[in-house]
Amino acid sequence: MVAILRCTPGEAKFLDNRKRQEQLDAGWESVGERDEWKSRHVVLLVTGQERGRPRVEYVGQARSGRPAGTFRRVVEVTQLHRVAPPVPMEDLSDQLPPRHRDAVDRSGVLTKRSGEELLNALTTLRADLAAVIAQLQERVGGVRILGRVRELFLEQRDATGLALQLGGFDRSIIEEAKFPEEDGDQIPVLATLPGHPAHEDHLVAHDAQRFSDWIGSDAEHLAKRVFHKGDQKLFIANVNRLPAEDTLGVDLIYHHVSRDSFILVQYKKMVQVGAGRSEWGYRPDGDLDDQLKRMRQVEEACMRLEQDPPADYRFVHQPCWIKFCKSEQVAPKGDALIGGMYLTREHVEWLRGRPGLATGPKGGELFGYHTVPRYLDNTTFTQLVQDGWIGTRGRASDIIQAQIKASLDGSRALVFAGLIGDDTTQAERTRERRGGLTG
């Protein structure tokens with residue numbers, strides 16, 4: 001969990017006098033009406049409240065200590081790290097999804113989701129804090145990502161959670177995914193989740209059986225599930241034909257059957273770059289041009305298959321997207337998705353052709369939060385897909401099987417999802433979102 005502790009002027013002065021890191025590591029004790037602190041938490045220490053300029057000046061680990069009178073308890077704060085320069089709470093609020101922005105005004109232990117979003121926002125603004133927060137999360141129960149096996153598992157878990165959210169399903173089940181050992185065998189995310197596998201009795205539906213036929217059964221690592229919500233079913237498969245060390249990344253193919261529409265999301269890792277490793281960025285590698293070329297071919301095929309005139313309107317009717325996501329050192333807590341930027345294939349190519357855009361401090365190509373002016377985040381992207389503003393239109397099923405094969409032949413793991421059943425209205429989806437169904 002994540003908590004916010006707002007320092008009094010005296011506490012802030014006390015901490016400011018602790019100049020050496022070993023003094024901060026030793027920590028300090030704060031007393032207040034904080035009896036809800038019952039376990040270990042990653043804590044953000046906020047100073048400047050009395051001046052109307054609250055800012056995160058320290059991050060650390062906090063836990064409940066001894067009682068200090070009626071309804072009062074000592075909070076033990078250790079493993080402190082000074083944030084220099086401090087991060088204004090106003091900047092954090094701007095980075096948060098709208099439904100979680102009130103978290104910056106709270107004190108004490110946050111809800112699980114708000115805490116996850118707050119740490120994601122903080123490390124988005126300050127990539128140099130990622131390693132520090134990763135260590136703190138590990139000490140309070142996080143899963144450390146050290147090798148390629150867990151790294152690929154995390155991407156696949158994210159794509160599986162994203163598929164659930166795109167379909168309007170509760171993604172909280174991915175919180176129960178059990179990470180493999182770093183030196184262990186590769187395991188599909190779905191194979192680690194509780195419940196019945198898809199092939200037992202739910203694949204009697206024609207569409208779901210067709211999905212299985214598209215995917216085949218020759219993959220070394222394969223797991224399938226069907227999730228239910230009312231009259232809708234969501235078929236998801238995790239597929240990988242190669243060992244983790246030979247797999248270049250994850251593709252998500254999402255197919256909405258009633259719209260006959262699909263999207264392709266390809267994952268690309270951003271790493272810490274820049275002076276002091278304070279930013280996140282992706283430097284195009286030798287595979288990017290080939291992958292963009294393949295995406296163009298897919299989109300040209302979709303254009304040829306479109307109905308004339310189209311039966312449905314889209315903001316973006318090309319299917320191919322790239323998610324530039326942070327290379328996490330600790331798996332996001334709970335069912336949180338990896339923070340990242342969603343860009344269309346066309347947008348990526350447009351940025352590469354514009355001097356000064358997607359350009360790093362030394363002049364090389366760099367896709368990052370500080371070099372790409374506009375992008376979609378998890379919340380915006382999933383809502384646009386759910387509401388039908390993004391995706392192909394017309395005869396998508398004619399080319400999906402070929403795209404599945406192309407992904408696997410391209411040394412990429414695959415998460416395929418097919419939504420079966422009548423579509424819900426936008427009003428119904430809005431009510432579900434407000435009720436917390438999609439996270």
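# Briefing on a predicted protein model

Arg352 and Asp289 form a salt bridge in which the closest N and O atoms are 2.7 Å apart. Arg352 belongs to helix H9 and Asp289 to helix H8, so this pair ties together parts that lie 63 residues apart in sequence. The structure is a predicted model. Its protein chain contains 12 helices and 15 strands.

**The chain as a whole**

- Of the 439 residues in the protein chain, 54% are buried.
- Among contacts in the protein chain with a separation of 6 or more, 72% are between residues 24 or more positions apart.
- The protein chain has an accessible surface of about 19200 Å², and carbon and sulfur atoms account for 48% of it.

**Nonpolar cores**

- The largest nonpolar core consists of 45 residues, and Leu234, Ile236, Phe381 and Ile390 have the most contacts inside it.
- Two helices and several strands are listed as giving two or more residues to this core: the helices are H6 (148-166) and H10 (378-386), and the strands include E7 (221-229), E8 (232-240), E9 (249-256) and E10 (261-273). Strands E12 (320-326) and E15 (412-420) also contribute in this way.
- Helix H6 supplies the largest share of this core, namely 9 residues.
- Beyond its neighbours within four places in sequence, Ile390 is in contact with Ser261, Ile263, Arg314, Val316, Trp321, Leu376, Phe381, Leu384 and Val385.
- Another core, of 43 residues, lies apart from the largest one and includes Leu264, Ala301, Leu305 and Phe367.

**Helix H9 and its surroundings**

- Helix H9 spans residues 345-352, and Arg345, Val348 and Leu351 are buried in it.
- These three residues cover an arc of only 130° around the axis, which puts them on the same side of H9.
- An α-helix has 3.6 residues a turn, so residues three or four places apart point the same way.
- The buried residues of H9 pack against helix H8 (288-305), strand E12, strand E13 (340-344) and strand E14 (367-368).
- Within H9, the side chains of Arg345 and Glu349 meet in a salt bridge, with an N to O distance of 2.7 Å. The two residues are 4 residues apart, about one turn of the helix.
- Arg345 has a relative accessible area of 12% and is therefore buried, the cut-off being under 20%. Glu349, at 25% relative accessibility, counts as partly exposed.

**Salt bridges elsewhere and their exposure**

- The whole structure holds 22 salt bridges.
- Arg412 forms one of them with Asp251, and the closest N and O atoms of this pair are 2.6 Å apart.
- Arg412 lies in strand E15 and Asp251 in strand E9, so the pair ties together parts that are 161 residues apart in sequence.
- Both Arg412 and Asp251 are buried.
- In the pair that opens this briefing, Arg352 counts as partly exposed at 27% relative accessibility. Its partner Asp289 also counts as partly exposed, at 46% relative accessibility.
- Arg113, Glu116, Arg171 and Asp335 are joined into one network by salt bridges that share partners.

Conventions. Residues are numbered from 1 along each chain as its sequence is written. This is a predicted model: local features need pLDDT of at least 70, side-chain atom pairs count only at pLDDT 80 or more; totals for chains, interfaces and linings use all residues. Side-chain values use heavy atoms; hydrogens and water are left out. Buried means under 20% relative accessible area, exposed over 50%, partly exposed in between (1.4 Å probe, protein chains only). Contact means heavy atoms within 4.5 Å. Accessible areas come from the Shrake-Rupley method with a 1.4 Å probe; for residues, only the protein chains shown count as cover. A nonpolar core is a set of buried Ala, Val, Leu, Ile, Met, Phe, Trp, Tyr and Cys residues joined through side-chain atoms within 4.5 Å. The arc is that of the directions from the helix axis to the C-beta atoms. A salt bridge is a side-chain nitrogen of Lys or Arg within 4 Å of a carboxyl oxygen of Asp or Glu.
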